Amino acid sequence: MKEKDLSSTCERTDELVSVLYGEAGERERRDFELHLPQCSNCRAEFAAFAQVRESIGEWRDGALSGFVSAHPAVAPVRKSALAALRQFFDLSPLWLKGAVGFAAAVFCVLAALAVMRSGPAGEPVRVAERNPDAVYTKQDLDRAVQEALAKQSPPAVTPEPENVVQSPTPKSANIAKSEPKARRPFSRAERAQLAADLRLLSSDDESDLDLLDDRINRQR
Amino acid sequence: METLGTDEIIVERALSGDADAFGEIVRRWERRIFALTYGMLGREEDARDATQETFLAAFRNLRGFRGEAKVSSWLHRIAVNQCITRQRRAKVRNEAALDDEEDKANSFAAPLEGSPATITEGRQRTVAVRRALNGLPMELRQVVVMKEFEELTFREISEALDLPLSTVKSRLYTGLKQLQMRLEKFAA
């Protein structure tokens, strides 16, 4: 066989190749280095193979230095939020830029108005201080409630004379003033009275209008 | 830089429909596969074509990749087969792989520096090495190329070619020995 014909007279070809390519273990490399001075065949082959490798290396380096990938690697670039925003605006159309600018201006105006309406910083609001030592009994609490209710209750309404023609305005005002929250529905009599008042008012208005007409006629 | 995972994970992604995943495999291995095909074929054009065909074949047979071997070994095997097929075709067409390429070869390489005599000597040596390598039997050549061009370890070569480690070393020794003899003959 060809491989046999070319084989070294020395049996240590595997070690020679391993050491030549730097893949021998520490022990293997040391053994071969001890063997090398004693074996002229291995010494000659080692030197010749190193030269062959050098020649192949020259060709390889020259040949592969001109290699250009058909698929250049695109390294993913991480952009900052600001850079991404800038790129977004660079790519966006003019109307979008204008709209964003207008929205920003409106926002600024509204923010300024809100600040102005809040007013200058005055005295800080005083908050009632809590007295941890104060102890209230149920009687104290009831008394405080009664006092508060007395303060809130409306002043006593003076009775109106019955024969006086009541104008609708004060009556309605009285109704509005007296307990607006707990307003009871009008009774039938009250509704009739209210209707009569309204009629009375409209007749007055009409008479006023007539008078006004008369005045106008007179002026003419 | 973004971590994309091992070759095996990327192949899984490609199988699950990720269109960019196989492109990542190509980017990772293109240069090494080109080095292999260039060393095997000795011509830039052939090497580029063989590299392209290797990745095309890998893409077509992606579903056949079972993950038993490494992706790198799988790609190497495909590339070696592509080179063998190309050389067979060239022999049928009675083409000399290198004879008409001596002048073209150096246009691909980096510009040479030095005196005209040095350049001429360098070119002659390059031609001699290529011829010597091209003259090696395929089983020896692929081991020498994988070692010298791709700088794979013995173990990686043994995995890629599915050969025992001792056979890889033995073939490399024989290949270097034949190269040495051919180069000595050329120098004489």
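Ala35(B) lies in helix α2 of chain B, the helix that spans residues 21–41. The model in which this residue appears is a predicted one. Ala35(B) counts as buried because 23 other C-beta atoms lie within 10 Å, where the cut-off for burial is 20 or more. Leaving aside residues up to four places away in sequence, Ala35(B) touches Phe149(B) and Glu150(B), and it also touches Leu64(A). The surroundings of Ala35(B) therefore include a residue of chain A as well as residues of chain B. A further pairing involves Glu151(B): its C-alpha atom is separated from that of Ala35(B) by 9.8 Å, although the two positions lie 116 residues apart along the chain.

The view can now be widened to the whole of chain B. Its secondary structure consists of nine helices and zero strands, and the pattern read along the sequence is α-α-α-α-α-α-α-α-α. Of the 188 residues in chain B, 36% are buried; Ala35(B) is one of the buried residues. When contacts between residues at least 6 apart in sequence are considered, 66% of them in chain B join residues at least 24 apart.

One helix pair of chain B can be described in detail. Two packed helices are described by the angle between their axes and the distance between the axes. Helix α7 (residues 138–148) and helix α9 (residues 165–187) of chain B pack at an angle of about 95°, and their axes are 8 Å apart. Angles of 65 to 115 degrees count as roughly perpendicular, and α7(B) and α9(B) are therefore roughly perpendicular to each other. On the α7(B) side, the residues of the contact are Glu139(B), Leu140(B), Arg141(B), Val143(B), Val144(B) and Lys147(B). They meet Val168(B), Arg171(B), Leu172(B), Thr174(B), Gly175(B) and Gln178(B) of α9(B). By character, the residues of this contact comprise five nonpolar, three polar and four charged.

In chain A, attention turns to helix α6, which has 25 residues, numbered 94–118. From its first C-alpha to its last, α6(A) reaches 36 Å, close to the 36 Å expected at 1.5 Å a residue. This helix is hardly covered, with a count of zero buried residues among its 25.

Confidence in chain A remains to be considered. The mean pLDDT of chain A is 73, and 59% of its residues reach 70 or more. Over residues 1–5 of chain A the pLDDT stays under 50, and the model has two contacts for them beyond four places in sequence. Residues 175–179 of chain A also have pLDDT below 50, and this stretch has two contacts in the model beyond near neighbours in sequence.

Notes:
Residues numbered from 1 in each chain as written. Chains lettered and ligands numbered in written order. Predicted model: local features only at pLDDT ≥ 70, side-chain atom pairs only at ≥ 80, totals over all residues. Helix = DSSP H or I, 4+ residues; strand = E, 2+ residues; numbered from the N terminus. Buried ≥ 20, exposed ≤ 12 C-beta atoms within 10 Å, placed from the backbone. Contact = placed C-beta atoms within 7 Å. Expected span 1.5 Å × (residues − 1). Axes fitted to C-alpha atoms, helices over the stretch in contact; angles between N-to-C directions. Parallel < 35°, antiparallel > 145°, perpendicular 65-115°, else oblique. Nonpolar A, V, L, I, M, F, W, Y, C, P; charged D, E, K, R; others polar. pLDDT = per-residue confidence, 0-100.
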